[in-house]
Amino acid sequence: MAVREAAAGPRGPGRDEETALLYERAHSRHDPCWLLPVPPRLCLACVLELLPEPCVSLVRKKHVLSCFRDALLRHASLVIQLVAQDQRVCIHFISMLFGLLCNVEDGRVIDLCIEVLIQLTTQLKLEQTVHCLLDECHKELCNMPSMRGSLATLTLLGKLVDAIPPLADKLVMEHSNLMEHLLRGLVYPNEGVRASVCYLYGKLYSSPVAAEMLSGHFREKLCPLFLSTLDGAQTKELQINCLGWLRQLLKYDLFVSVIMNESSLAESTEGAEGPPGKTSLPLVLKKLLLSRDETLQVASAHCITAVLVHSPAKHAPAFIHADIPEFLFEHLSSSSEVLVWFSYNCLILLAEEPLFFSKCHTVYGIESVVRSLQGSLRMNNTELHKEGLLLFAEILTRQPEEIKLFTSSTMCRDAGRALQEAVNSPVLEVAAEAVKAISAFLRKDHQSALPVQYRELRALLEAMLNRCADFSQTPLNRRPLRHSEQATQPNLMEVFLSILHSLFVIVPHMKEKFSKKLASSSFIRLTLELKARFCSSLSHSDLNQVCSSFLYDMSLNLLSAPEKTEPPSQEELSAVSAFLQHGLPEIRSRSPESLAFLSDRQYVEGIARQRQYCILLLFYLAYIHEDRFVSEAELFVAVQSFLLSLQDQDERPPLTVIRASIYLLAICQDKDDALDEAVVSAIRKFLEGIPDLHLVYIHHPLLLRFFLLYPELMSRFGHRVLELWFSWEESSYEELDDVSSAGQSPLPASLAALFYMLRSSPSILLILLDLIYSSPVDTARKVLIVLRNFLRRNEDVQVGGLIRGHFLLILQHLLVEHGASPSGDSGNLPLLLSLLSLVQLKNKSEQELDSMAMKLLHQVSKLCGKCSPADVDILQPSFNFLYWSLHQTTPSSQKRAAAVLLSSTALIELLEKTLALTWTEVDSPRTALLCSAWLLAASFSAQQHAGSLQVHQTLSVELDQVLKVLSFPKKKAALLSAAILCFLRTALQQSFSSALVALVPSRSQPPPAPEDTALAPLGTSQVLSLVIGLQNLLVQKDPLLSYACVACLEALLDYLHARSPDIAFHVVSQPWNRFLLFTLLDAGESSFLRPEILRLMTLFVRFQSSSVLSREEVGHVLQGAALADLSTLSNTTLQALRGFFLQVQSMGLLADESTAQTLHVSLEGLSPSTSSAEPPLDMLCLGGVAVSLSHIRD
């Protein structure tokens, strides 16, 4: 044989390829009719014998299959003619290919087998071959003990049904027991297998006949498995295949009903002991909407639409309760036109359900709609324009009148301009939709935001009327080397370094400390200069060896005991040891030559590369120990070239080299120099190849600045770098958190550097927010203190919106990830919430709540609703935020915010449970939370009553328990008493007629006496006990409590006077009131000018209680006021004094002309502008409780 081949001469490349395609041992027996007449010269008979032959290598089989596939694609008719000569051969070929598919593990061979089988069956169009292939698949799956090896067969079946759709019906009818094997595959712990099962199911359910036959199978067995598979899918392939299957199912009413019923069952058992494995489709689709993958977001929105089109009224509530609308509104800002279109579509369908509006989703998303409309009108997509305008019109038309959409003139103006741009569209269909939206926009309640933009409205009307006419017509410093020049004789230096080197072995426990001392004394520089001076020409080899050994051990000692980085692993030290051993003897040049060698971008061989590693490491160790004997600028350039060389040759340097490179770049970078983009990309690539950044991190401010300076590095590693930074920080941060000294105490140098970076790049704040949420508690607390100090010391930096926006994203993720009980996995959420409260407190009063504020309000209220009263650490800052949001804004925004909060039934239920704890836990650690709860309840009740807002859940409170707590107050609970008084005052002002608050009697309360009917629900005895309680609280002389007591007493007397004047006068004329008044006046000379005392005296004058305050005493008060310097009084005191004077005047208590004149002069001088006193802060944080003084006082 060998002689014959030699005689034939050398083979060419084409001849070799043709030989590889033929089975030499059998080809001579084959009839030429099986040979393909065009290249590649395949012999079908050879293929049939070669592929199943075990002696033939897999590589050759792969080559033959690939060539056959190419021939089938290029010469389909010739190959099919060849295969179809004999039907038995054809069947045998398909069986053989299937056998190969099932018995190999090479993924490429499997793909080739599947591709060839699909091509053959579709091109041959022989029913017998299809039956043969289906039978083979059926037999393989039925005989398989487990699903482990089923992936190839399932993939083939799915692609076969995709290529030949009628096979779906045949597979279900003739191979029905295959369904049980598919069920097994759906629970098999391999996502590849499950993905192939889902793909096949999707193809089967795409056929109406097969879908109908499989309806019972789906309802009884498949539905919960399918939902749990979709919910737990991790790989993109499984997620896409599940969603593809879901889209087929959602074409049929039956399957939509089955899936949504299963979902409602899952939601009803959420948080309770129910059947395991229940999954809700709305919650799964919400999770996909929240993913960062646009494909999954679009598919999720598509599926939501597919459900809703069957029956919005039936299915929309489930998606609304799952808070799907808020995520759809968020996606309106996407740059993907497809995602925006589907989001519009979903929201239009959801808007058909009244719950969509009563849950205030439109309040949450209206700004997103307007901005999205403005953005979409700039795109050349008519369908997107029409869909956006249709959604806007639906919202404007259906929005309840009592809940305003536009509370600021700016938002109203932006909406009008967007509509004007739309109505001027050259596409008449778009303009027509715009006209409909404008008609709804001109509704009176949409135009109530002041000031009304009349000029804008006029322009909008003119534009609309013009288009209507169209419609009618148209269809570092260098350190000196401290060594004697005389000590440079080679032999002497050899002995000297040998002695130093031996000390590493003689005193091993001191070797690290000794090495640090040597490095900081410039011994790295000395040793390198000795090598360059005496060993450059291959002379003094002994000195070179001693220098190399000395540097070797000193380097390893320094690396083994780092000060501000993690100690290297044994594996890393081994790698360093290897390149030091090979590279150090080769270093014999001076520093400039070493820098040039390090900068070399030519192809670097292995030994040369190890030498570069050594040079870099020595510079790094020298720099760390302040021996900067090479120029920073030159080193900066050299390290960049070195890194680019590594990237060019696709090399992965050791961890120590990466650490050294980054450190040197960070230290040597001048403020005006910046890295090339290619270098930054190379660094990112190297860092992405290591398991964790802590392996190369060095704690230094310049390293932190380096990572945060370049967006490409900050986006990828900023979070981890800052996390490492705070974990290494050892400063006493608690001292910095002292508010009283925060403005004066100097910052540590490390923090000053961080603050500088925060000012230059506020987006770093977003990473710090993530750190507070995700880091260990100690680290998170450090970050929180740093952020607090930054915000206090940098009042001019406006970052509130940035922080609030990112906090919104964190909160959304938390509520999606932890479902019904975020408190169980809250981590550092309380720290984040306290920061949010600080940001809110910094806001100016009387400021409109923007869209971001409303979204945060919605999310925080939803978070509260998922907590229990035991979750004090979450609820306290949350309640503070809600309270401040309500009281730091304009009246119109207050109403809008209250509507959002009142729509959360879970929040109201929580508030009720929390208030009920007051009767048992007055002195508990929960007292601050109880204070906040009572203040919130009072605020909610007042806003609901004033705005006639819709009530979704009533708030039940036991009235007699409220009165009991106030009648017998605790001494150490002044703030709690003030909060409860605020609540009771609100109830009295509303005459106990609140639609929100239901004041119910306790079980132990006796029935009311007949004489108490007029005072109902109060009783006479309760009134008298309450008055005594208020008097006792006033005697405590706590300013805040005194305000609350007087305000409550005013409301009580108004209530009594309206129902039983006799009882009102009886209460006021009690002798104890005179003793109370003089006790309060006994606090100093001008104590009568305290606002609460003035209001109390006004009350006595009003009810003509001369036994408490006589006419003469009134005159003394007026004379004292006339003599006082009114300009030093606060506006609150001036207001109370004016009220007192007017009341005295109206009651005719002026005894003589001089008193009248005195009163007149005093009234003339009473004006807020006359006061020079510093206006007190209205919003305070007392004992961790958010308090509005005006709310307590007025």
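These notebook entries record what I looked up in a predicted model.

**Entry 1. Helices H16 and H19**

I began with pairs of packed helices. Two packed helices are described by the angle between their axes and the distance between the axes. For helix H16 (residues 236-249) and helix H19 (residues 294-308), I found an angle of about 20° and axes 10 Å apart. An angle under 35 degrees counts as roughly parallel, so H16 is roughly parallel to H19. I noted the crossing of H16 and H19 as left-handed.

I then listed the residues that make this contact. H16 contributes Lys-236, Gln-239, Ile-240, Leu-243, Leu-246 and Arg-247. H19 contributes Thr-295, Leu-296, Ala-299, His-302 and Cys-303. Sorted by class, the contact of H16 with H19 has 6 nonpolar, 3 polar and 2 charged residues.

**Entry 2. Ser-300**

I stayed with helix H19, as Ser-300 lies in it. Is Ser-300 buried or exposed? I recorded a relative accessibility of 0% for Ser-300, so this residue counts as buried. Which backbone oxygen does the side chain of Ser-300 reach? The partner is the backbone oxygen of Leu-285, at 2.8 Å. Leaving aside residues up to four places away in sequence, I found that Ser-300 touches Leu-285, Leu-288 and Leu-289. Leu-285 therefore appears in my notes both for the 2.8 Å approach to its backbone oxygen and in the list of residues touched by Ser-300.

**Entry 3. Helices H32 and H35**

My next pair was helix H32 (residues 541-560) and helix H35 (residues 606-624), whose axes come within 11 Å and cross at roughly 55°. An angle of this kind is neither under 35 degrees nor within 65 to 115, and H32 and H35 are therefore oblique to each other. The crossing of H32 and H35 is left-handed.

On the H32 side, I noted Leu-551, Ser-555, Leu-558 and Leu-559 in the contact. On the H35 side, I noted Leu-617, Leu-618, Tyr-620 and Leu-621. How many nonpolar, polar and charged residues does the contact of H32 with H35 have? I recorded 7 nonpolar residues, 1 polar residue and no charged residues.

**Entry 4. Helices H43 and H44**

I turned to helix H43 (residues 764-774) and helix H44 (residues 777-793). Their axes cross at roughly 145° and come within 8 Å. I recorded a left-handed crossing for H43 and H44.

Which residues of H43 and H44 meet? From H43 I listed Leu-765, Leu-768, Leu-771 and Ile-772. From H44 I listed Ala-780, Val-783, Leu-784, Leu-787 and Phe-790. The contact of H43 with H44 holds 9 nonpolar residues, with no polar and no charged ones.

**Entry 5. Two buried leucines**

Leu-332 is in the loop between helix H21 (324-331) and helix H22 (337-350). Its relative accessibility is 3%, so I entered Leu-332 as buried. Not counting residues up to four places away in sequence, Leu-332 touches Val-340, Ser-343, Tyr-344, Leu-347, Ser-368, Val-369 and Ser-372. One of these, Tyr-344, is 12 residues from Leu-332 in sequence, and the C-alpha atoms of the two are 7.7 Å apart.

Leu-930 has its place in helix H51. With a relative accessible area of 0%, Leu-930 is buried. I also looked up Leu-976, which is 46 residues from Leu-930 along the chain; their C-alpha atoms are separated by 7.0 Å.

**Entry 6. Backbone exceptions**

I closed with the backbone. Most residues other than glycine have a negative phi, and most peptide bonds are trans. I looked for departures from both patterns.

Asp-650 is not a glycine, yet its phi is positive, at about 55°. I located Asp-650 in the loop between helix H36 (632-648) and helix H37 (655-668). Its relative accessible area is 59%, so Asp-650 is exposed.

Ser-948, also not a glycine, has a positive phi of about 50°. This residue is in the loop between helix H51 (927-947) and strand E1 (955-958). With a relative accessible area of 57%, Ser-948 is exposed.

Which residues does a cis peptide bond join? I found the bond between Ala-1016 and Pro-1017, with omega about 10°. Pro-1017 lies in the loop between strand E2 (997-1000) and helix H54 (1020-1035).

Conventions
Residues numbered from 1 in each chain as written. Predicted model: local features only at pLDDT ≥ 70, side-chain atom pairs only at ≥ 80, totals over all residues. Heavy atoms only, no water. Axes fitted to C-alpha atoms, helices over the stretch in contact; angles between N-to-C directions. Helix = DSSP H or I, 4+ residues; strand = E, 2+ residues; numbered from the N terminus. Parallel < 35°, antiparallel > 145°, perpendicular 65-115°, else oblique. Left-handed = near helix turned anticlockwise from the far one by under 90°. Contact = heavy atoms within 4.5 Å. Nonpolar A, V, L, I, M, F, W, Y, C, P; charged D, E, K, R; others polar. Buried < 20%, exposed > 50% of the residue type's maximum accessible area, 1.4 Å probe, protein only. Polar contact = N/O pair within 3.5 Å; in protein donor to acceptor, adjacent residues only side chain to side chain.
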